Amino acid sequence: MDTTTLLLFSATVLPLIATPGPDMLFILAQTLGGGAGAGLRATFGVCAGYLVHSMLAALGLAALIAASPPLFAALRWAGVAYLAWLAWRLLQSAMKTGGLQVRGDRHPAEFRRGFLTAVLNPKGMMIYFAILPQFISHGGPAALQAIMLSATFILLCAAFYSLLCLAIAAGGWRNDPGERRRRWIEGVSGGLIAVAAGKLAIG
């Protein structure tokens, strides 16, 4: 695959990556709640979820899900329910003195939540199903080209979301460890995840 095709593909998907959606809002919430480290772990989890989407696309399952409205809807609503649950936990914590400290589970939880957020978002899979095939040349090995395009997409996501995490963390949102700041951060984080759930629900 030539460099021009990869650059054109990057220019096509980068605006989609930069558009706020469930994945980005979730990562922002984790960064606000746990700092740059939490945001980066969530980013790596989301990227791992995209790897699952790329494998499903390679196996042809993405086309099956796209062709089955009930299956697509079931996956989407599972994602909505998961995000809504996370939002409720954070908002509930924000309303209590001492809080539930949902973000305190630490390292594995942030990666796992990011992974589930991406996997349960079927629209991420549609990038592989609707856009990626348009950049595969019939004159070369399709599987190798698909792998290169998928890797490019995931690397762009990792780079953009990582920079976003670092930029948010650099603002010093968590420098004040006081109770009021904790409740404010958890409230904002819960609100962001609730918005992510809403965006996924309304399509």
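Contact here means heavy atoms within 4.5 Å. The legends below describe a predicted model.

**View 1. The whole protein chain is built from helices.** The protein chain has 8 helices and 0 strands. From the N terminus on, its elements run α-α-α-α-α-α-α-α. Of its 203 residues, 44% are buried. Among contacts with a separation of 6 or more, 83% join residues 24 or more positions apart. The chain exposes about 9,800 Å², and carbon and sulfur atoms supply 72% of that area.

**View 2. Y161 contacts residues from elsewhere in the sequence.** Neighbours within four places in sequence are left aside here. Y161 then touches I17, D23, M24, I27, T43, V46 and Y50. Y161 has a relative accessibility of 4%, so it counts as buried, the limit being under 20%. Its contact partner Y50 appears again in the next view, as does Y161 itself.

**View 3. The largest nonpolar core holds 40 residues.** Four of these residues touch the most other members: Y50, F153, Y161 and I193. Six elements give two or more residues each to this core: α1, α2 (22-59), α4, α6 (122-131), α7 (142-170) and α8 (179-202). Helix α2 supplies the largest share, 10 residues.

**View 4. F9 and F135 form an edge-to-face pair.** The count of aromatic pairs comes to 3. A pair of rings is described by the distance of the centres and the angle of the planes. For F9 and F135, the centres are 5.3 Å apart and the planes stand at 75 degrees, so the pair is edge-to-face. This pair links distant parts of the chain. F9 sits in helix α1, while F135 sits in the loop between α6 and α7, 126 residues apart. F9 is buried, with a relative accessible area of 0%. F135 is buried too, with a value of 15%.

**View 5. F160 and Y161 form another edge-to-face pair.** Their ring centres are 5.9 Å apart. Their planes meet at 65 degrees, which makes the pair edge-to-face. F160 is partly exposed, because its relative accessibility is 27%. Y161, at 4%, is buried.

**View 6. L200 is a buried residue of helix α8.** L200 has a relative accessibility of 2% and therefore counts as buried. Its C-alpha atom is 7.6 Å from that of G79, although the two residues are 121 residues apart in sequence. With neighbours within four places in sequence left aside, L200 contacts P22, R76, G79, V80, L83, L120 and N121. G79 is thus one of the residues in contact with L200.

**View 7. L16 in helix α1 is paired here with C157.** Helix α1 covers residues 3-18 and includes L16. L16 is partly exposed, with a relative accessible area of 43%. Along the chain, L16 and C157 are 141 residues apart. Their C-alpha atoms are separated by 9.8 Å.

**View 8. W88, L91 and M95 make a nonpolar surface patch.** The patch has an area of about 330 Å². W88 belongs to helix α4, which spans residues 69-94. W88 is partly exposed, with a relative accessible area of 48%.

Terms used
Residues are numbered from 1 along each chain as its sequence is written. This is a predicted model: local features need pLDDT of at least 70, side-chain atom pairs count only at pLDDT 80 or more; totals for chains, interfaces and linings use all residues. Side-chain values use heavy atoms; hydrogens and water are left out. Patches are made of residues with over 30% relative accessible area and no salt bridge: like charges are joined within 9 Å, nonpolar side chains (Val, Leu, Ile, Met, Phe, Trp, Tyr) within 5 Å. Accessible areas come from the Shrake-Rupley method with a 1.4 Å probe; for residues, only the protein chains shown count as cover. A salt bridge is a side-chain nitrogen of Lys or Arg within 4 Å of a carboxyl oxygen of Asp or Glu. Helices (H or I, at least four residues) and strands (E, at least two) are DSSP runs, numbered from the N terminus. Buried means under 20% relative accessible area, exposed over 50%, partly exposed in between (1.4 Å probe, protein chains only). A nonpolar core is a set of buried Ala, Val, Leu, Ile, Met, Phe, Trp, Tyr and Cys residues joined through side-chain atoms within 4.5 Å. Rings of Phe, Tyr and Trp (its six-membered ring) pair if their centres lie within 6.5 Å; planes under 30 degrees apart count as stacked, over 60 as edge-to-face and the rest as tilted.
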